[in-house]
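The paragraphs below go through the structure region by region. Keep the sequence and the coordinates open while reading.

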Amino acid sequence: EEPIDCGYTRTGHIQAATKPKHFKALQDEQALLARVFNHRVEIVPRADQRSEVGSDAYHGLLVDAQSAALNPAKYVEGLAGAASRSGATVVTHTAVTRVDRIPAGWRLDVMASGSSTAEPSVTAIDRTFVEARDVLVATDGYTTGVTPELQRRLIPVGSFIIATEPLEPDTAAGLLPRNRVAFDSKYFLHYYRVTPDWRLLFGGRAEFRQPDESTAERTAGILRADMVRTFPELRGARVDYSWGGNVAFTRDQMPRAGRLDGLYYAGGYCGHGVAMATYLGEQ
């Protein structure tokens, strides 16, 4: 309804088997998707996988041509603009430090933590509390002791990404010949895609310690080594950008939405938040 300009395109996705037994699991998944959901995906054996991904690191693929991709940062920006046009006030750099029940609903103590962005859809806050009839906690991988019952149900896990310099178009096209998005079958997986300006984005769970001032540099080195193992032809490619943040896992790896101690909440997307947060937010 909003036609958000976020690079949305129905590329399809690739799930790559990193072990032979993982390829058998992909075949089982294909059968399950067809039987239970009437959803058709394609199995690509190792001998043919270079038609989809330019790497010999895998033992076959599952390809789902219906999947889509977008630029998450542009999507979030577009959602903020849409919310603002609908009458919402978006406030950044402002922490909720306490949530208490009051007769009319809730009181949230807040504390500004720095200057806000200049985006027109974003506003600064000049008070120490907000009163609200309802509260939706959508903090996911950044849930704190302000909502302790939710915090103990969500496990924050760091996810990190690097972006190479712009590659030669022929080189970039050889990595993912059909321009799909891809991820592998490791428990702590890698995921990657080629951007419109011919960079390779390559991400994964590069480390599990608390972040510090050296996190971006350390994780960039780890991910670059993993990228080169997957695509040896990128050994000489420069990494231009590195960043990261938290996703949230639940113990059974299923997302949750509902009410907890009277507060609405949604979270625990386990790395699938672009689709699931949108869907559960609407619910």
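Asp 261 counts as exposed because its relative accessibility is 52%, and exposed here means over 50%. The model is a predicted one. Asp 261 sits in the loop between strand S15 (256-260) and strand S16 (263-267). Its phi is positive, about 55 degrees, although Asp 261 is not a glycine. For comparison, most residues other than glycine have a negative phi.

Cys 270 also has a positive phi, about 55 degrees, and is not a glycine. Cys 270 is placed in the loop between S16 and helix H6 (273-282). Is Cys 270 buried or exposed? Its relative accessibility is 9%, so Cys 270 counts as buried; the cut-off for buried is under 20%.

At S15, the residue to look at is Arg 256, which belongs to this strand. Arg 256 has a relative accessibility of 35% and therefore counts as partly exposed. Which residues does Arg 256 touch, not counting those up to four places away in sequence? They are Thr 250, Tyr 265, Ala 266, Gly 267 and Leu 280. For one of these, Ala 266, the C-alpha atom is separated from that of Arg 256 by 5.7 Å, with the two positions 10 residues apart along the chain.

Another contact across the sequence involves Val 146, in the loop between strand S9 (136-137) and helix H3 (148-151). Not counting residues up to four places away in sequence, Val 146 touches Val 96, Thr 97, Arg 98 and Val 99. Val 146 and Thr 97 are 49 residues apart along the chain, and their C-alpha atoms are separated by 6.2 Å. Val 146 counts as partly exposed because its relative accessibility is 25%.

The next topic is the nonpolar interior. The largest nonpolar core has 26 residues, and those touching the most other members are Tyr 192, Leu 200 and Leu 234. At least two residues of this core come from each of strand S1 (13-16), strand S3 (61-64), strand S10, helix H4 (169-175), strand S12, strand S13 and helix H5. H5 gives the largest share, 4 residues. A separate core of 11 residues lies apart from this one and includes Leu 108, Val 135, Ala 248 and Leu 263.

Within the largest core, Tyr 192 can be followed outward. Neighbours within four places in sequence left aside, Tyr 192 is in contact with Val 53, Tyr 58, Leu 176, Val 181, Ala 182, Leu 200, Leu 201, Phe 202, Thr 230 and Phe 231. One of these contacts, Leu 176, lies in the loop between H4 and strand S11 (181-184). With a relative accessible area of 3%, Leu 176 is buried. Its own contacts, again without neighbours within four places in sequence, are Ile 14, Glu 52, Val 53, Ala 182, Tyr 192, Arg 193 and Val 194. Of these, Ile 14 is 162 residues from Leu 176 along the chain, and the C-alpha atoms of the two are separated by 9.5 Å.

Helix H5 comes next. How does the span of H5 agree with what is expected for its 16 residues? At 1.5 Å a residue the helix should span 22 Å, and its end C-alpha atoms are 22 Å apart, so the two agree. The buried residues in H5 are Thr 215, Thr 219, Ala 220, Leu 223, Asp 226, Met 227, Val 228 and Thr 230. An α-helix has 3.6 residues a turn, so residues three or four places apart point the same way. The buried residues of H5 pack against S10, strand S12 (190-194), strand S13 (200-204) and S14.

Ser 242, in strand S14, touches Ala 216, Thr 219 and Ala 220, together with Ile 161 and Ile 162, not counting residues up to four places away in sequence. Ser 242 is partly exposed, with a relative accessible area of 26%. Its C-alpha atom is separated by 9.4 Å from that of Gly 203, which is 39 residues away along the chain.

The last feature is the second largest pocket, which holds about 270 Å³ of space. Strand S10 (155-164), helix H5 (215-230) and strand S14 (239-249) are the elements that give two or more residues to its lining. The lining has 16 residues, and those nearest the centre of the pocket are Gly 158, Phe 160, Arg 209, Pro 211 and Asn 246. By class, 8 lining residues are nonpolar, 6 are polar and 2 are charged.

Methods:
Residues are numbered from 1 along each chain as its sequence is written. This is a predicted model: local features need pLDDT of at least 70, side-chain atom pairs count only at pLDDT 80 or more; totals for chains, interfaces and linings use all residues. Side-chain values use heavy atoms; hydrogens and water are left out. On a 1 Å grid over the protein atoms alone, a cavity is a set of points where a 1.4 Å probe fits but cannot get out, and a pocket is an open set with protein on both sides within 12 Å along at least five of seven lines; lining residues have an atom within 4 Å of a point. Grid points are joined across faces, edges and corners, and a volume is the space filled by probe spheres set on the points. Ala, Val, Leu, Ile, Met, Phe, Trp, Tyr, Cys and Pro count as nonpolar, Asp, Glu, Lys and Arg as charged, and the others, Gly among them, as polar. The expected span of a helix is 1.5 Å times one less than its number of residues. Buried means under 20% relative accessible area, exposed over 50%, partly exposed in between (1.4 Å probe, protein chains only). Contact means heavy atoms within 4.5 Å. A nonpolar core is a set of buried Ala, Val, Leu, Ile, Met, Phe, Trp, Tyr and Cys residues joined through side-chain atoms within 4.5 Å.
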